[in-house]
Amino acid sequence: MRFTIDRIDHLVLNVADVEIAAAWYQRVLGMEREEFGPHRRTALKFGGQKINLRPADSDPGSWVTGVNAAPGAGDLCFITAVGPADVIAHLHDCGVTVLEGPVPHEGALGPDGNLVEIASYLPR
């Protein structure tokens, strides 16, 4: 039987240090941290979405991952309801270096080198 996908439940980012990564996403992007499950895994929640943070040195037998478990292999793009100038000002206030922008999206590197893009559909 053929089926279609309804939505994403969660994404997983492999990180070198869960505490540092969680603190960065909380401070810079305003995400809410949640621990869940019997192994007290860490999730970051925003809107109806969730990102799980997987320590790169996790035992693959207890937390299966893809072929590339290296920190910094992610490339994410988030949508915001504020304009590019506000995004750039906030990133600078948080000490985050903007790699490119303003363009249709601003790009920055997260604590593990993941590319974090922030886009707005508001007029420039």
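1. A good place to start is the pair Asn 14 and Arg 54, whose side chains are joined by a polar contact of 3.2 Å. By polar contact I mean a pair of N or O atoms within 3.5 Å; within protein, one must be able to donate a hydrogen and the other to accept it, and residues adjacent in sequence count only if both atoms are side-chain atoms.

2. Please keep in mind that this is a predicted model, where local features need pLDDT of at least 70, side-chain atom pairs count only at pLDDT 80 or more, and totals for chains, interfaces and linings use all residues. Residues are numbered from 1 along each chain as its sequence is written, and side-chain values use heavy atoms, with hydrogens and water left out.

3. Asn 14 sits in strand E1, residues 11-15 (strands, E, of at least two residues and helices, H or I, of at least four are DSSP runs numbered from the N terminus). With a relative accessible area of 9%, Asn 14 is buried (under 20%; exposed is over 50% and partly exposed in between, with a 1.4 Å probe and protein chains only). Beyond its neighbours within four places in sequence, Asn 14 has contacts (heavy atoms within 4.5 Å) that include Thr 65, Pro 71 and Asn 114.

4. On to the largest pocket, with a volume of about 240 Å³. A pocket here is an open set of points on a 1 Å grid over the protein atoms alone, where a 1.4 Å probe fits, with protein on both sides within 12 Å along at least five of seven lines; lining residues have an atom within 4 Å of a point. The volume is the space filled by probe spheres set on the points, which are joined across faces, edges and corners.

5. What lines this largest pocket? There are 13 residues, with Leu 29, Phe 78, Ile 79, Thr 80 and Ile 118 nearest its centre. Helix H2 (84-93) is one of the elements supplying at least two of them, and H2 gives the largest share, four residues.

6. The second largest pocket has a volume of about 150 Å³. Its lining includes His 10, Phe 46, Lys 50 and Phe 78, and strands E4 (49-55) and E5 each supply at least two residues.

7. Finally, have a look at strand E8, residues 115-120: five of its six residues are buried, so E8 is largely enclosed by the rest of the structure. E5 and E8 pair in the parallel sense over six bridges (pairing needs at least two DSSP bridges), and Ala 119 in E8 is the bridge partner of Ile 79.
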